Amino acid sequence: MIAATVGSAVGLGNIWRFPAVAQANGGGAFLIIYIGCVILLGIPVMLAEFSIGRAGKSDAIGSMKSLGAGKGWRSFGGLSIMAAYLILSFYMVVVGWTVEYLWESITGELYANVGPDMKSTFAGHMKEYISDTWTPMVATVIMIVINIGVLLGGVQKGIERLSNWLMPVLFVLLVVFCIRALSFEKALEGYTFFLRPDWSVVTSGTFISALGQAFFSLSLGMGVLVTYSSYFPGDTNLTKTAVTVSLLDLLVAVMMGLIIFPAVMSFGLNGEGIEGATLVFVTLPEVFMQMHGTQIWSILFFLLLAVAALTSTISVAEVAVACIRDRFKVSRLKAVLIVMLPLFVISPICSLSQGALSGVTIFGLSIFNFLDTLATNVLLPVVSIGLCIWLGWFAPKGLLSDQLSNAGSLKTRLALPIRFIIRWIAPLLILTVFICGFL
């Protein structure tokens, strides 16, 4: 299950969000602070979710119920499932974009008729595509169907088998791009920016951005880790698993930095913002246009992105599927259909909010951006705070230490420091990030 758990964490947060946040916060200094956040806070909170899931042996709500949590505390489990479903609804749209760009790379359409102003050409293409009515919806529907097929295979035959195959493919593709980046003309400048810390640019906002990226990247607070850990056998070393998942997730982010920054420096794009969709659908196609074998590199990159996104959507969907199965005692087939069929309506609406429905706003945000903001900026931090407080102060005595030591069969001295972090440090820092997100 480790590959599946890694697949749930590794996604667009590593591949397009991390380089953008790192660039905006000074590169090397941000990287060091980010690594610290993952090790000192991300891993303890992940262990909290692992402990709840494996001890409860159920979904995010059921696990807390079986461990004696009252209705108020169980509501945090419900909020995590809600967050996961909201994320799934708009994530499907983004995965559809990725698959479309993979197809256009294969056919060569993406690089046909590119004018001298490449940035304007690719930016115009992206805007035209995502605001189109039918093409993005078709790609979104295709991805929903693929997810349904994998989910119907179950955890071991579907999700775990797919992850065991796709995660090595993802890392191989990353290694290939890292090797290629070594040959870029200004690779050293890119590595210097990314790896050499400049502490003069560090502000309080740098720490907040690093912590926010760590929690987003590790899939904390969305019920994924609770759900997957419920499938862990009793002899699984939770500490080792959390460290492995976190370090592999961190490795993907670092490898993306080692690819992106040499590229943008070498091709004169370092003055441009590389935020999110702009990085993936505008900046990188500019880079590929200036490389020998443009089409091949483009195909490999969008394949990499599609792999990462697919493993994430399947993992997030399993959160809701497990909840429906456990709550209503229905078959996997019925649970999958209950969860996934509404997406044939919700996800296309998210897609249309970039075009035909762009005039429809909620609190000044498009439907797509509202769901993104609600899930990632509100629900995820609230859930993480709630789970930490409950496990740290109100959970059955000895729950954390029993889970970390496998009921005493493993020797560990980590229970006390991890409990201290979960009780005091993690809730306060997450609350800080939550508040700063609205300032």
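Is Phe 281 buried or exposed in this model? Phe 281 is buried, at 1% relative accessibility. Keep in mind that this is a predicted model. Here's a quick tour of its salt bridges, aromatic pairs, charges over rings, a serine in a loop, the cysteines and one helix.

**Salt bridges**

- The structure has two salt bridges, and as general background, side chains of opposite charge can pair when their charged atoms come close.
- One of the two joins the side chains of Arg 327 and Asp 59, with 2.6 Å from N to O. Arg 327 belongs to helix 14 (residues 294–328), while Asp 59 sits in the loop between helix 3 (28–56) and helix 4 (60–66), so this salt bridge ties together parts that are 268 residues apart in sequence.
- The two partners have their own exposure classes: Arg 327 is partly exposed at 32% relative accessibility, whereas Asp 59 is buried at 0%.
- Arg 332 makes a salt bridge with Glu 318, and their closest N and O atoms are 3.0 Å apart. With Arg 332 in helix 15 (residues 332–340) and Glu 318 in helix 14, the pair ties together parts that are 14 residues apart in sequence.
- Arg 332 counts as buried at 12% relative accessibility, and Glu 318 is buried too, at 0%.

**Around Ser 58**

- Ser 58 is found in the loop between helix 3 and helix 4, and this serine is buried, with a relative accessible area of 11%.
- The side chain of Ser 58 makes a polar contact of 3.0 Å with the side chain of Asp 326.
- What does Ser 58 touch once its neighbours within four places in sequence are left aside? Its contacts are Gly 53, Ser 63, Val 226, Thr 227, Ser 230, Asp 326 and Arg 327.
- Arg 327 in that list is also the salt-bridge partner of Asp 59.

**Aromatic pairs and the cluster**

- How many aromatic pairs does a search of the whole structure find? The search turns up 25 of them.
- Take Tyr 101 and Phe 281: the ring centres are 4.5 Å apart and the planes are at 50°, so this pair is tilted.
- Tyr 101 comes from helix 5 (residues 71–107) and Phe 281 from helix 13 (residues 276–289), so the pair ties together parts that are 180 residues apart in sequence.
- Tyr 101 is buried at 1% relative accessibility, and Phe 281 is buried at 1% as well.
- Another tilted pair is Phe 363 with Phe 370, at 6.1 Å centre to centre and 35° between the planes. Phe 363 is exposed, with a relative accessible area of 77%, while Phe 370 is buried at 19%. That 19% counts as buried because the cut-off is under 20% relative accessible area.
- Tyr 101 and Phe 281 also belong to one aromatic cluster, alongside Phe 90, Trp 97, Tyr 129, Phe 177, Phe 288, Trp 297, Phe 301, Phe 302 and Phe 368.

**Charges over rings**

- Arg 17 lies over the face of Phe 216, 4.6 Å from the ring centre.
- Arg 423 has its charged end over the ring of Trp 393, at 4.2 Å from the centre.

**Phe 261**

- Phe 261 is part of helix 12 (residues 238–266) and is buried at 1% relative accessibility.
- Phe 261 and Pro 19 are 242 residues apart along the chain, yet their C-alpha atoms are separated by 8.0 Å.

**Cysteines**

- How many disulfides are there? The count comes to zero.
- For Cys 388, which is in no disulfide, the nearest cysteine sulfur is that of Cys 37, 14 Å away.
- Cys 388 is buried at 1% relative accessibility, and Cys 178 is buried at 15%.

**Helix 16**

- Within helix 16 (residues 343–352), the buried residues are Leu 343, Ser 347, Pro 348, Cys 350, Ser 351 and Leu 352.
- Where do these buried residues pack? They pack against helix 5, helix 6 (118–130), helix 7 (135–152), helix 15 and helix 17 (367–394).
- Two of those packing partners have come up already: helix 5 carries Tyr 101, and helix 15 carries Arg 332.

Note on methods. Residues are numbered from 1 along each chain as its sequence is written. This is a predicted model: local features need pLDDT of at least 70, side-chain atom pairs count only at pLDDT 80 or more; totals for chains, interfaces and linings use all residues. Side-chain values use heavy atoms; hydrogens and water are left out. A salt bridge is a side-chain nitrogen of Lys or Arg within 4 Å of a carboxyl oxygen of Asp or Glu. Helices (H or I, at least four residues) and strands (E, at least two) are DSSP runs, numbered from the N terminus. Buried means under 20% relative accessible area, exposed over 50%, partly exposed in between (1.4 Å probe, protein chains only). Rings of Phe, Tyr and Trp (its six-membered ring) pair if their centres lie within 6.5 Å; planes under 30 degrees apart count as stacked, over 60 as edge-to-face and the rest as tilted. A charge sits over a ring if NZ of Lys or CZ of Arg is within 6 Å of the ring centre and within 35 degrees of the ring normal. A polar contact is a pair of N or O atoms within 3.5 Å; within protein, one must be able to donate a hydrogen and the other to accept it, and residues adjacent in sequence count only if both atoms are side-chain atoms. Contact means heavy atoms within 4.5 Å. A disulfide is a pair of cysteine sulfur atoms within 2.5 Å.
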